[in-house]
Amino acid sequence: MNRICAIFVGLIAILTNAPASAAETVTIAGSRAVLIMPASLRASVILMPGSDGAILAGDHGDIHGLNGNQLVRTRDAYAARGLAVLVVDVRTDLMSAVDYMAEIKRPVTVIATSAGTRRAAERIARGAKPDALVLTSGILSPESGPASSNVESILGSPSVLSRTLVIHHRYDGCNLTRPAGVEPFIKWAGGRARVSWLLGGVNQGNPCYADAYHGFKGLDDQVVDLAAGFR
């Protein structure tokens, strides 16, 4: 489905007060992504999952990779809040994705989690310009852990940051996204970023996986409310 069709579907849903349409597979700069249009359109979000970032989109809006990832598993919840949702693959060009969603509805917020926060930083450093940015369980600064790079080092300067919200669990146990990395990043951002801390939820299995505090297991509604409301 091209951009004109996506806009048409959204307008029809609004006029008829129909429920959100089924997800559609779209191609952006040669890469498959999944688009979900809401019944009532307020803004747009681009979801960048963590791990290897490969969502393995099928032909009909189906996703076969990373379904447990916090952003992938909550994609419909963003649409239910009136947001056009684009779930991108690791190969998706973010600049093209932002342009694509801007033709549907601005503002466009990029929401990235875990390893996806570094990919978002890499694309922003290359020129992608979302209206707002949300970094959840992010690899933010040298204090976040022993990763070879982080959002701060990739961007180099806070001047390229959009308005930024950091969402982090106080007890994130992943050694790459330590809570100690958040405040140095906020200070480095120089007023362009703020943080929302979360507590509670479920902590199971590998501390860097989606069923742990790192993946906000049991806190999905809180994460979606915070991220969806930031723009």
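Trainee: In this predicted model, which residues is Thr 109 in contact with, leaving aside its neighbours within four places in sequence?
Mentor: The list includes Ser 44, Val 45 and Ile 46. It also includes Ala 132, Leu 133 and Val 134. The remaining partners of Thr 109 are Phe 230 and Arg 231.

Trainee: Where is Thr 109 placed, and is Thr 109 buried or exposed?
Mentor: Thr 109 sits in strand 5, residues 108-113. Its relative accessible area is 2%, and the cut-off for buried is under 20%. Thr 109 is therefore buried.

Trainee: Which residue has its backbone oxygen 3.4 Å from a polar atom of the Thr 109 side chain?
Mentor: Phe 230 is among the residues in contact with Thr 109. The backbone oxygen at 3.4 Å from the polar side-chain atom belongs to Phe 230.

Trainee: Which helix gives the most to the largest nonpolar core?
Mentor: That core has 38 residues, and those with the most contacts inside it are Ile 46, Leu 86, Leu 94, Met 101 and Phe 185. Six residues come from the helix that gives the most, helix 4 (residues 94-104).

Trainee: What does Leu 94 touch, not counting residues up to four places away in sequence?
Mentor: Leu 94 is one of the residues with the most contacts inside the largest core. Its partners include Ile 46, Met 48 and Val 110. The others touched by Leu 94 are Ala 120, Arg 123, Ile 124 and Ala 128.

Trainee: How many residues are in the second, separate core?
Mentor: Val 45, Leu 71, Val 72 and Ala 132 are included in this second core. Two of these names, Val 45 and Ala 132, also appear among the contacts of Thr 109. The residue count of the second core is 30.

Trainee: Is Gln 70 buried or exposed, and which residues does Gln 70 touch?
Mentor: Gln 70 belongs to helix 2, residues 70-73. At 2% relative accessibility, Gln 70 counts as buried. Setting aside residues up to four places away in sequence, Gln 70 touches Gly 215, Phe 216, Asp 220 and Val 223.

Trainee: Which cysteines form the disulfide, and how far apart are their sulfur atoms?
Mentor: A search of the whole structure finds one disulfide. The link is right-handed, with 90° about the S-S bond. The pair is Cys 174 and Cys 208, with sulfur atoms 2.0 Å apart.

Trainee: How many residues apart in sequence are the parts that the pair ties together?
Mentor: Cys 174 lies in the loop between strand 7 (163-169) and helix 7 (182-189), and Cys 208 in the loop between strand 8 and helix 8. Cys 174 is buried at 3%, whereas Cys 208 is partly exposed at 25%. The parts tied together are 34 residues apart in sequence.

Trainee: How far apart in space are Gly 205 and Thr 27, C-alpha to C-alpha?
Mentor: Gly 205 is in the loop between strand 8 (193-198) and helix 8 (220-228), and is exposed at 72%. In sequence, Gly 205 and Thr 27 are 178 residues apart. Their C-alpha distance is 35 Å.

Trainee: What is the radius of gyration of the protein?
Mentor: The protein has eight helices and eight strands, and 52% of its 231 residues are buried. A compact globule with 231 residues would have a radius of gyration near 17 Å. The protein agrees with that, at 17 Å.

Terms used:
Residues are numbered from 1 along each chain as its sequence is written. This is a predicted model: local features need pLDDT of at least 70, side-chain atom pairs count only at pLDDT 80 or more; totals for chains, interfaces and linings use all residues. Side-chain values use heavy atoms; hydrogens and water are left out. Helices (H or I, at least four residues) and strands (E, at least two) are DSSP runs, numbered from the N terminus. Buried means under 20% relative accessible area, exposed over 50%, partly exposed in between (1.4 Å probe, protein chains only). Contact means heavy atoms within 4.5 Å. A disulfide is a pair of cysteine sulfur atoms within 2.5 Å. A nonpolar core is a set of buried Ala, Val, Leu, Ile, Met, Phe, Trp, Tyr and Cys residues joined through side-chain atoms within 4.5 Å. The radius of gyration is taken over C-alpha atoms; the globule rule is 2.2 Å times the number of residues to the power 0.38. A polar contact is a pair of N or O atoms within 3.5 Å; within protein, one must be able to donate a hydrogen and the other to accept it, and residues adjacent in sequence count only if both atoms are side-chain atoms.
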